Amino acid sequence: MSANSADEGRLLEVVLVKGGRTKIRYEAELLSDDGTRIAVRAPWSGAGVRDFGFVRFEPGDVFTEYYWRDRWYAVKEVRDVTGALKGWYCDITRPAALSGAELVVEDLDLDLWCSADGSDVRRLDEDEFAESGLGQTDPQAAAAAVAALDALEAQARGEGLAGLLG
């Protein structure tokens, strides 16, 4: 389903599911929906500062998030309170589903970070992915997740992630 111009700007509830449970839910403004890719914008929804060592997410940060109905990842462009680009945080997920005002995404543990200048590209949470048991319970989904991470990393190291979002 495509959003028409009347739908743009409406609020959606982004629901991130992990291991069959809701991990987080937050409101986001619908920017666009072309039937395949959904873009939303939301402020940092965490409590306080989350310091990963290589990036800090903090109050005032704004996430422009891109979800696909046919891809196994979500790309989140992160900007600070002044609008300066921090980088892109990518979640490996099952394809997104939009139902009414809920955008539901299942997190598959793997993540990728790419700094604003592209000099820091790192795979994250591969240990959590291995411990999840997805490789045994759903080998096809596990293979799709690893392939998505590989593709995102190649994109980040090549043309950059901004090229996916254009």
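Where is Asp125 found? Asp125 sits in the loop between strand E11 (121–124) and helix H1 (126–132). Helices (H or I, at least four residues) and strands (E, at least two) are DSSP runs, numbered from the N terminus.

The model is a predicted one, in which local features need pLDDT of at least 70 and side-chain atom pairs count only at pLDDT 80 or more, while totals for chains, interfaces and linings use all residues. Residues are numbered from 1 along each chain as its sequence is written, and side-chain values use heavy atoms, with hydrogens and water left out.

**Overall form**

The secondary structure comes to four helices and eleven strands. The radius of gyration is 15 Å, close to the 15 Å that the globule rule gives for 166 residues, so the protein is as compact as a globular protein of that length. This radius is taken over C-alpha atoms, and the globule rule is 2.2 Å times the number of residues to the power 0.38. The C-alpha trace spans about 45 × 35 × 35 Å along its principal axes.

Of the 166 residues, 43% count as buried. Buried means under 20% relative accessible area, exposed over 50%, and partly exposed in between (1.4 Å probe, protein chains only). Among contacts (heavy atoms within 4.5 Å) between residues at least 6 apart in sequence, 45% join residues at least 24 apart.

**Three acidic residues**

Most residues other than glycine have a negative phi. Asp109 has a positive phi, near 80°, and Asp125 has one of about 65°. Glu153 is included in the table for its accessible area.

| Residue | Location | Relative accessible area |
|---|---|---|
| Asp109 | strand E10 (residues 102–115) | 9%, buried |
| Asp125 | loop between E11 and H1 | 24%, partly exposed |
| Glu153 | helix H3 (residues 139–157) | 15%, buried |

Leaving aside its neighbours within four places in sequence, Glu153 is in contact with Leu112, Val121 and Arg123.

**Aromatic rings**

There are ten aromatic pairs in the structure. Rings of Phe, Tyr and Trp (its six-membered ring) pair if their centres lie within 6.5 Å; planes under 30 degrees apart count as stacked, over 60 as edge-to-face and the rest as tilted. Phe57 and Tyr89 form an edge-to-face pair, with 5.8 Å centre to centre and 80° between the planes. Phe57 lies in strand E5 (residues 56–57) and Tyr89 in strand E8, so the pair ties together parts that are 32 residues apart in sequence. Both Phe57 and Tyr89 are buried. They also belong to one aromatic cluster, formed by Trp44, Phe52, Phe54, Phe57, Phe63, Tyr89 and Trp113.

**The largest pocket**

A pocket is an open set of points, on a 1 Å grid over the protein atoms alone, where a 1.4 Å probe fits, with protein on both sides within 12 Å along at least five of seven lines; lining residues have an atom within 4 Å of a point. The largest pocket holds about 580 Å³ of space. Its lining has 29 residues, of which Leu16, Lys23, Trp44, Arg50 and Tyr89 lie nearest its centre. Elements that give two or more residues to this lining include strand E1 (11–18), strand E2 (21–33) and strand E8 (85–93). E10 gives the most, with four residues. By class, the lining has 15 nonpolar (Ala, Val, Leu, Ile, Met, Phe, Trp, Tyr, Cys and Pro), three polar and eleven charged residues (Asp, Glu, Lys and Arg).

Note on methods. Points joined across faces, edges and corners; volume = space filled by probe spheres on them.
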